[in-house]
Amino acid sequence: MKKFITTVLILIVSEVTLHSEGTALKILDLIKDQSVWQPEGIPKRFDSKSLSSRRSREAQIFLEYGVSALTAQDFKHQGKSFTLEFYEMLDSVASFGVFTFFRDPDSHPLHGLGNEAEEGVLGITFQQNRYFIRLLSNEPSLGIRSSLQDVAHLISKALPVSFSPPMVISKLPEENRVARSEVFMMGHEALAHFLPMRSKDPFGLDIGCEAAMAKYQFQGDSAKVLLIHYPNQQLAKKYLENGYQEHAAEKPDQAVFFKRDGPLVVLVIESSSPELATVLLDKVNYVSTVSFDPKVHPLNIGQVMTNIFIFCGIMLGITFLAGILFGVIRIVMKRIFPGLVFDRSKDMDVIRLDLTRKK
């Protein structure tokens with residue numbers, strides 16, 4: 001049985017790997033056939049175990065978000081070249097998180113490309129569905145930039161577009177938020193990059209939490225807001241106390257303002273204004289959602305009583321019919337098998353009212 005289960009798991013993993021590899025090869029053929037760029041050499045394929053050989057410094061972050069494979073291919077045209085890095089993440093949330101983590105503050109956004117996209121000094125980066133794509137080039141000319149945008153749009157049209165941002169991102173206050181400063185995190189490695197602390201995971205992100213951070217700019221002051229959504233409010237209370245105590249011990253000169261709303265923890269850091277922190281904290285609220293059918297309306301008391309009487313009537317009818325059926329069966333059995341089934345005074349007797357017996 002164990003051997004059978006192992007075989008099935010291997011087949012499933014192999015099929016998923018082949019499917020993802022087929023998507024990457026399809027993209028490479030698409031660029032080759034529908035653009036001026038031609039591949040140089042053979043594509044290089046990396047999985048989660050070998051990714052560090054390609055991206056040694058970034059591998060741990062990709063693994064924390066959840067990467068399944070990377071396909072890298074060099075392209076050239078008329079003496080110019082660029083490198084395509086096609087990352088396949090576990091889901092769209094993971095690819096969105098990776099994009100926000102590696103977002104270049106000096107880049108500018110590209111609209112109409114993928115779910116999120118930007119163009120920087122090194123090229124174009126965008127995220128679409130569960131894919132994170134980089135088109136990297138050292139060429140500063142405008143001609144290659146325009147050509148890379150065409151390639152990016154070509155790739156985007158071949159990929160699925162369904163995507164919804166994580167819940168914690170939508171909880172970040174929008175007013176006074178620095179544009180494109182929000183970061184989605186799924187583990188302590190990403191959080192440590194923006195909030196370095198000596199402890200490995202003081203806020204407990206590795207237990208299955210989602211977190212988001214953004215910068216806010218006010219007149220004469222600035223702040224960062226950190227949201228962490230825990231699986232339940234008990235864990236939220238525990239790790240809020242733990243994280244706050246460690247932060248206060250390591251950085252006693254930095255004030256931290258916080259609140260907990262159910263499983264959601266909100267912290268305002270790098271701000272010395274309690275008034276500003278209070279404004280930001282008040283803008284974040286957690287509301288639990290309960291699914292319901294809008295077609296169903298609550299019953300009034302009259303309808304409830306009517307249903308009770310209907311139920312009682314149905315039960316009385318069933319009881320009455322059962323009594324009649326028993327009486328018919330008893331009469332038939334007495335005629336066919338007299339003294340064998342009913343009216344055996346030595347063995348059994350039937351309880352009856354004897355309404356016809358005269359006193």
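User: What share of the 359 residues in the protein chain do buried residues make up?

Analyst: Buried residues come to 38% of the 359. Buried means under 20% relative accessible area, with exposed over 50% and partly exposed in between (1.4 Å probe, protein chains only). One thing to know early: this is a predicted model, where local features need pLDDT of at least 70, side-chain atom pairs count only at pLDDT 80 or more, and totals for chains, interfaces and linings use all residues. Residues are numbered from 1 along each chain as its sequence is written, and side-chain values use heavy atoms, with hydrogens and water left out.

User: How many helices and strands are there in the protein chain?

Analyst: The chain has 9 helices and 12 strands. Both are DSSP runs numbered from the N terminus: helices are H or I with at least four residues, strands are E with at least two.

User: Why is helix H3 described as largely enclosed by the rest of the structure?

Analyst: H3 covers residues 92–101, and 10 of the 10 are buried, so the helix is largely enclosed by the rest of the structure. Among them are Ser-92, Phe-96, Phe-99 and Phe-101.

User: What reaches the backbone nitrogen of Val-93 at the start of H3?

Analyst: A side-chain oxygen of Asp-91 does, coming to within 3.3 Å of that nitrogen. Set that against the cut-off for a polar contact: a pair of N or O atoms within 3.5 Å, where, within protein, one must be able to donate a hydrogen and the other to accept it, and residues adjacent in sequence count only if both atoms are side-chain atoms.

User: Why does Gln-128 count as buried?

Analyst: Gln-128 has 1% relative accessibility, so it counts as buried. You'll find Gln-128 in strand S6, residues 123–128.

User: What does the side chain of Gln-128 make a polar contact with?

Analyst: With the side chain of Ser-156, at 2.5 Å. Not counting residues up to four places away in sequence, Gln-128 also touches others, including Gly-114, Asn-115 and Leu-159. Contact here means heavy atoms within 4.5 Å.

User: Is Ser-137 buried or exposed, and what makes it so?

Analyst: Ser-137 has a relative accessible area of 4%, so it is buried. Ser-137 sits in the loop between strand S7 (131–136) and helix H4 (142–157). A polar atom of the Ser-137 side chain lies 3.2 Å from the backbone oxygen of Ser-81. Leaving aside neighbours within four places in sequence, the contacts of Ser-137 include Ser-81, Phe-82, Ile-144 and Leu-148.

User: What makes a space in this structure a cavity, and how many of 30 Å³ or more are there?

Analyst: On a 1 Å grid over the protein atoms alone, a cavity is a set of points where a 1.4 Å probe fits but cannot get out, and lining residues have an atom within 4 Å of a point. The structure holds 2 cavities of 30 Å³ or more. The largest has about 70 Å³ of space, and the second largest about 30 Å³. A volume is the space filled by probe spheres set on the points, which are joined across faces, edges and corners.

User: Which residues line the second largest cavity, and which element gives the most?

Analyst: The lining includes Leu-195, Phe-203, Tyr-244 and His-247. Helix H7 gives the most, with 3 residues.

User: How do the residues of that second lining divide into nonpolar, polar and charged?

Analyst: There are 7 nonpolar, 2 polar and no charged residues in the lining of the second largest cavity. Ala, Val, Leu, Ile, Met, Phe, Trp, Tyr, Cys and Pro count as nonpolar, Asp, Glu, Lys and Arg as charged, and the others, Gly among them, as polar.

Definitions and conventions: On a 1 Å grid over the protein atoms alone, a cavity is a set of points where a 1.4 Å probe fits but cannot get out, and a pocket is an open set with protein on both sides within 12 Å along at least five of seven lines; lining residues have an atom within 4 Å of a point.
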